Amino acid sequence: MSEFGVEIRDPESKSTYLNQMEKCETFFSFATDMTLKSTKPMIDIVIARAKGTLSSTVEEKAKWIFNKLKGSPPKTLPDLLREYNLPPGLFPQNITCYEFDETKARLIVYLPSPCEVSFKDSYVIRYANRVKAILLRGKLTGIEGMKTKVLVWVKVTCVAVESSKSDKVWFTAGVKKSRSKDAYLVASNGVRIEDF
């Protein structure tokens, strides 16, 4: 049994496991040596180094941590959604982090596990542990990783608000349906589900 409570009997698997653990330890000891006054080039080096040794989920979390170390923290997801004229409670409160590339309008939201949220209007949305979409003014399109129940679970492809004064949110999941914007103003905690 290892110090992490994992028992591996197959010599090849054990070697692979130990190799990955060593890479992670090397990365984290390197990251620990950095000070809070790190410059962007140093952070880019760490992230580049992490790309070769860590899974994408850990890599994205590392990017988020280093972005926080760089200085001013990024906007919260509800603030970003509000800025783009979307209801701030559209995603669960318990997200891990998010990335937004303004040049490509690409939004990626990371959650600790697949989850489900029941909103005030009884609408239920399921989220994968990673939701991707294009974020435009008043619209979230090309959504991957979001479903709702319409007799069966159907992929949500678009969420839109027609104008800043509109009191409706339009969900496209096979068909376009309007919901009251008020039900999506406050983020709720997602309830963990086994399968998305």
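## The β5–β6 hairpin

Let's start at the turn: in this predicted model, the hairpin of β5 and β6 has one residue between its strands, and that residue region features Leu 151 with a positive phi near 70°. Strand β5 covers residues 139–150 and β6 covers residues 152–155; the two run antiparallel and are held together by four bridges. Right beside the turn, Val 150 has Val 152 in β6 as its bridge partner.

Two other residues of β5 are worth a look. Lys 149 sits in this strand, and at 48% relative accessibility it ends up in the partly exposed class, because exposed would take over 50%. Follow the chain back 26 residues from Lys 149 and you reach Tyr 123, yet the two C-alpha atoms are separated by 8.2 Å. Thr 141 is also part of β5, but this one is buried, with a relative accessible area of 19%. That value falls under the 20% cut-off, so Thr 141 counts as buried. Setting aside neighbours within four places in sequence, Thr 141 is in contact with Ala 133 and Ile 134, and also with Thr 157 and Cys 158.

## Two more positive phi values

Leu 151 has company. As a rule, most residues other than glycine have a negative phi. Asn 85 has a positive one, near 60°, and Ala 105, also not a glycine, has a positive phi of about 60°.

Both of these residues are in loops. Asn 85 is found in the loop that leads from α4 (77–83) to β1 (97–101), while Ala 105 lies in the loop between β1 and β2 (106–110). Are they buried or exposed? Asn 85 is buried, at a relative accessible area of 16%, and Ala 105 is buried too, at 11%. Each value is under 20%, which is why both get that label.

## The nonpolar core

Which residues touch the most other members of the largest nonpolar core? In this set of 31 residues, they are Phe 91, Leu 107, Tyr 127, Leu 140, Met 146, Val 159 and Phe 171. Several elements chip in with at least two residues each: α4, β2, β3 (115–118), β4 (124–136), β5 and β8 (168–173). The top contributor is β4, with five residues.

Val 159 gives a good view of how things meet here. Leaving out residues up to four places away in sequence, Val 159 touches Leu 86 and Leu 90, then Gly 138, Lys 139, Leu 140, Ile 143 and Met 146, and finally Val 169, Trp 170 and Phe 171. Among these partners, Leu 140, Met 146 and Phe 171 are also on the list of core residues that touch the most other members.

## The chain as a whole

Stepping back, the chain has four helices and 10 strands. The order is easy to remember: from the N terminus on, the helices come as α-α-α-α, and then the strands follow as β-β-β-β-β-β-β-β-β-β.

How much of the chain is buried? Buried residues make up 36% of its 196 residues. On the outside, the chain exposes about 11800 Å², and carbon and sulfur atoms supply 53% of that area. As for contacts between residues at least 6 apart in sequence, 42% join residues at least 24 apart.

Terms used. Residues are numbered from 1 along each chain as its sequence is written. This is a predicted model: local features need pLDDT of at least 70, side-chain atom pairs count only at pLDDT 80 or more; totals for chains, interfaces and linings use all residues. Side-chain values use heavy atoms; hydrogens and water are left out. Buried means under 20% relative accessible area, exposed over 50%, partly exposed in between (1.4 Å probe, protein chains only). Contact means heavy atoms within 4.5 Å. Accessible areas come from the Shrake-Rupley method with a 1.4 Å probe; for residues, only the protein chains shown count as cover. Two strands pair if DSSP finds at least two bridges between them. A nonpolar core is a set of buried Ala, Val, Leu, Ile, Met, Phe, Trp, Tyr and Cys residues joined through side-chain atoms within 4.5 Å.
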